[in-house]
Amino acid sequence: MDARLALPEYRGRYVEVEVSRTGANLRVLITDQGQGFDWNRYLEFDESRALRPNGRGIALAKNLAFREMEYREPGNVAAVAVEACDPELPS
């Protein structure tokens, strides 16, 4: 991965992260500078990808980590929501 990040076409890229809180929900919007990808086929577990190095993380995150998870076209924006650890903290 370090080698790829050192390439001229990737070295200046960054990710934007926006965090907001509404009541007990913490929402995170993540936007990268990539062209996006076909995320639809990664939302559910697929046994054919079980031993591959890529393709499991999105399904794991959707099913185990987030209350809500969606991608926005073209696939370079992810929006997730989790329940805040302490709903008594100020928003």
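Q: Before we get to Asn76, what counts as a polar contact here?
A: A polar contact is a pair of N or O atoms within 3.5 Å, and within protein one of them must be able to donate a hydrogen and the other to accept it. Please keep in mind that this is a predicted model.

Q: OK, so which backbone oxygen lies 3.4 Å from a polar atom of the Asn76 side chain?
A: That is the backbone oxygen of Gly34.

Q: And where is Asn76 found, in a strand or in a loop?
A: Asn76 is found in the loop between strand S3, residues 68-72, and strand S4, residues 77-83.

Q: Buried or exposed?
A: Asn76 has a relative accessible area of 15%, and because buried means under 20%, Asn76 counts as buried.

Q: What is Asn76 in contact with, leaving aside neighbours within four places in sequence?
A: Asn76 is in contact with Ile30, Thr31, Asp32, Gly34 and Gly36, and of these Ile30 lies in strand S2.

Q: How does S2 run relative to S1?
A: Strand S2, residues 25-32, runs antiparallel to strand S1, residues 15-22, and eight bridges join the two. Thr22 stands opposite Asn25 in S2, and in the hairpin, which has two residues between the strands, Gly23 takes a positive phi near 60°.

Q: Switching to the surface, which residues make the nonpolar patch?
A: Val15, Val17, Val19 and Ile30 make a nonpolar surface patch of about 330 Å², and S1 gives the largest share of this patch, with three residues.

Q: Why does Ile30 count as partly exposed?
A: Ile30 has 32% relative accessibility, and it counts as partly exposed because that class lies between the 20% limit for buried and the 50% limit for exposed.

Definitions and conventions
Residues are numbered from 1 along each chain as its sequence is written. This is a predicted model: local features need pLDDT of at least 70, side-chain atom pairs count only at pLDDT 80 or more; totals for chains, interfaces and linings use all residues. Side-chain values use heavy atoms; hydrogens and water are left out. Two strands pair if DSSP finds at least two bridges between them. Helices (H or I, at least four residues) and strands (E, at least two) are DSSP runs, numbered from the N terminus. Buried means under 20% relative accessible area, exposed over 50%, partly exposed in between (1.4 Å probe, protein chains only). Contact means heavy atoms within 4.5 Å. Patches are made of residues with over 30% relative accessible area and no salt bridge: like charges are joined within 9 Å, nonpolar side chains (Val, Leu, Ile, Met, Phe, Trp, Tyr) within 5 Å. Accessible areas come from the Shrake-Rupley method with a 1.4 Å probe; for residues, only the protein chains shown count as cover. A salt bridge is a side-chain nitrogen of Lys or Arg within 4 Å of a carboxyl oxygen of Asp or Glu.
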